[in-house]
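Grab a viewer and a notepad for these exercises. Try each task before you read its solution.

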Amino acid sequence: MTTAKWNWIWIRICRLALSILLVLSVAAAEAPVGYRREICEHRKGRPMQPTNMYRSRLLAMREQMLIRATLEGPEIYGYILPSTDEHLNQEVAVRDQRLHYLSGFTGNRAVAAVTQGGAAIWLEKRFVQQADGELDCDWQIFLADGNVSIASWLGSQVRMNKRIGADPQLVPHHLWLTWERELAEKFLKLIKINSNLVDMIWGSERPETPKHHVIQVQARDFAGEKWEDKVTELRRRLAHLNCDAMIITSLTEIAYLFNIRGTDIPYTPVVKSFAIVSQKDIFFYVDHGKISLGIDLHLRTDCYNDLCVRIKEYKHIWSDIRTYVQIWRRVLVPAPCVQEPGASEAIYSAVPDNVVVEHISPIIFMRAQKNTEEQEGMRLAHIRDAAAICEAMSNLEARFDTEQWTEEKIKYEVELWLLSQTHAKGLSLRTVIAYGEHSALPYYISNNLTDIEVSDQSLLVIESGVQYLEGTTDMSRTFIFGEPTRDMKRAYTAVLAGILHISDLIFPASVKPSGLDSVVRAKVWHEMTDYPQATGHGIGAYGSVEEPPISVAYGQNNSFHFKQGYFFSSESGYYKRDDYGVRIKNVLEVLDTGKTTTSAEHFLAFQSVTLVPYEPKLIDGTMLSSDEKRMLNRYNAKIRKYIGAELKRLGNMKAFYWMMNKTRHVREYLTEDEYLAAMGGGCHSHHHAQLPLLALTMVMMILVAFIHSKWRL
């Protein structure tokens, strides 16, 4: 027998031994353990409960895994289901709430995995308590950033060399590649199941698209620019990238590009659609039932030049991609950019490898830099928003002692005032009302299962946002109805100081957003603590509440910079576990100072467009420098000027006086006694209090002696 043949036999033996060891190790390994669900503990070892609605759907899903999936090959033994829709939105329309239909979980930013013997869900920490109350005991709960990955769990549930399915329309291309690699390490294969299995079992019960969801034109007064000019600029940028066309999958980008808005998904005014822009054509893929005569005229659908839009049915995009990629040599498919996940695996794989150009969408940078009308609109939207918060809080404080309040009741009141403002079209995010120990959870969102009573003993965090025709708002404030402890005041003041500093910052344009994070966190770090969320993110003008390319978070090494006309949120927090939390968030506008460095680099500055008063009861003046107090006084003066005028216009004097009380002038310098007390000097004797007077007397005596000696000469 030759040496080569012996080597071949030896390699086969080693591979066989390795496979046996792997099988044994998988069999011996314990199944991953998720979040401990106390509500399910007493059911272990007992007969299965009677079948409920969600358990029936889980069984139907498992049948589909064995039956329907076989149309594309052998059956699948696991199925991955994200909570997103075909455009990778986290907040989705009712007909796209597939994870909710299957499991009963009403939160978002989650991914589920189902096998023949188990079901598990991965979600953010803020949704754990909610999921524990909503999910049947068939489900295991894991943290999205925990130690157990989807691939690890599936590896413990499914034998080697089996297939795991997922709908490629619901998964970002880059995430698909990650899952594919991780599952391959477990000797499992990820395959595309183009017919969504939840839609199969949902059938005729699946809600239809509401007929009243028509597309609205965003007026030029608010958009500030014609859509034709935006398309021309996009084509110029595509030509610079040597691309013949671009597939647009982001709903917020389509809304911005065409100056249209809709109501197809919660919290973001967009239309469910696709678009393709080439150097000669513009295709808009949307349900024809949403098209009105006004939209036809707006998009110039009756002409045939390169600035006329051809409207096609929503599903025709797939056949058009297959057709036009035969003509186009280079097609831009959106890549991930901060909050934007890029194109789905379905879109990416529909374009041949030799044609696809994966690149960040140029629309992201066009949209981020607001024009003059958008800038004015954002400022006006935040004035209306601040007036609404003043009205809500003044009304709440006046009724606080005579009524019983819970988180959900306060949320209802706050949203009522916000949505009553002129040009308010809806909320821009899920309103957060977090009291006491709930305020100590950075990502907590109240619901009927977690609702608690609100008293005057702890801190109340409010986070809200509204979509106005003029712009999008996003703000957080912390209040207290009683008297705060010293620790509460110290925590609040540390958070406030960081917000004051970044709002007053002047810096060279080359500084990256991540480099400014320490400005906000410095005082919080000084207290030997930190907060987990990013300090800031971009925000749209009557668009998405989170918008790339800006992300202020240390450790993120992206190459994007601030530009004049950008708007972004600035957030700081302090969270004392199981006790209380503090959160303050403002939206800042980026300004060009008109000044340059010695190397001709522009100096940029920030100004706060959020004008909601801070809580003076929680401010420890001894922790703020005179400069910081001066910043606070300037901010309060701005509130009195703009919000005072708005509240007078609305005729709400109760809210006006509440605002005036919250924005009283702060003395910028401490007295000697206050300073010494802040420095730990304790009680001071009358003798110490007289030291400045004695020093002044001695100076006067020396001065008199000097003058007398000169006179004698």
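Before we start, a definition: two strands pair if DSSP finds at least two bridges between them. Helices (H or I, at least four residues) and strands (E, at least two) are DSSP runs, numbered from the N terminus. This is a predicted model, where local features need pLDDT of at least 70, side-chain atom pairs count only at pLDDT 80 or more, and totals for chains, interfaces and linings use all residues. Residues are numbered from 1 along each chain as its sequence is written, and side-chain values use heavy atoms, with hydrogens and water left out.

**Exercise 1. Work out how strand 3 pairs with its partners.**

Step 1: take strand 4. Strand 3 (residues 119-123) pairs with strand 4 in the parallel sense, over five bridges. Look for Trp 122 opposite Phe 142, and for Leu 123 opposite Leu 143. To get from strand 3 to strand 4, the chain goes through helix 5 (residues 128-134), and this β-α-β crossover is right-handed (with the strands pointing away from the viewer, the path from the first strand over the helix to the second runs clockwise).

Step 2: take strand 2. Strands 2 and 3 run antiparallel and are joined by four bridges. Ala 112 stands opposite Ile 121. The link between strands 2 and 3 is a hairpin through three residues.

**Exercise 2. Place strand 3 in its sheet, and find what lies across that sheet.**

Step 1: write down the order. The sheet is open, has six strands in the order 4-3-2-1-5-6, and its pairing is mixed. Strand 4 (139-143) and strand 6 (189-192) are the edges, each pairing on one side only. From one strand to the next, the twist averages 25 degrees.

Step 2: add the helices. Helix 3 (residues 53-66) lies across strands 1, 2, 3 and 4, at about 70 degrees to strand 2. Helix 6 (residues 150-157) lies across strands 1, 2, 3, 4 and 5, at about 10 degrees to strand 2. Axes here are lines fitted to C-alpha atoms, for helices over the stretch in contact, and angles run from 0 to 180 degrees between N-to-C directions.

**Exercise 3. Which way do the side chains of strand 3 point, and are they buried or exposed?**

Step 1: recall the pattern. In a regular strand the side chains alternate between the two faces of the sheet.

Step 2: sort the residues. Ala 119, Ile 121 and Leu 123 point one way, Ala 120 and Trp 122 the other, and all are buried (under 20% relative accessible area; exposed is over 50%, partly exposed in between; 1.4 Å probe, protein chains only). That makes five of five residues buried in strand 3.

**Exercise 4. Is Phe 284 buried or exposed, and what is it in contact with?**

Step 1: locate Phe 284 in strand 11 (residues 282-285).

Step 2: check accessibility. Phe 284 counts as buried because its relative accessibility is 0%.

Step 3: list contacts (heavy atoms within 4.5 Å). Setting aside neighbours within four places in sequence, the partners of Phe 284 include Ile 215, Ile 254, Phe 258, Leu 299 and Ile 311. Ile 254 is 30 residues away along the chain, with 9.0 Å between the C-alpha atoms of the pair.

**Exercise 5. Put this in the context of the whole protein.**

Step 1: count elements. There are 24 helices and 27 strands.

Step 2: check burial. Of the 713 residues, 51% are buried.

Step 3: check range. Among contacts with a separation of 6 or more, 73% are between residues 24 or more positions apart.
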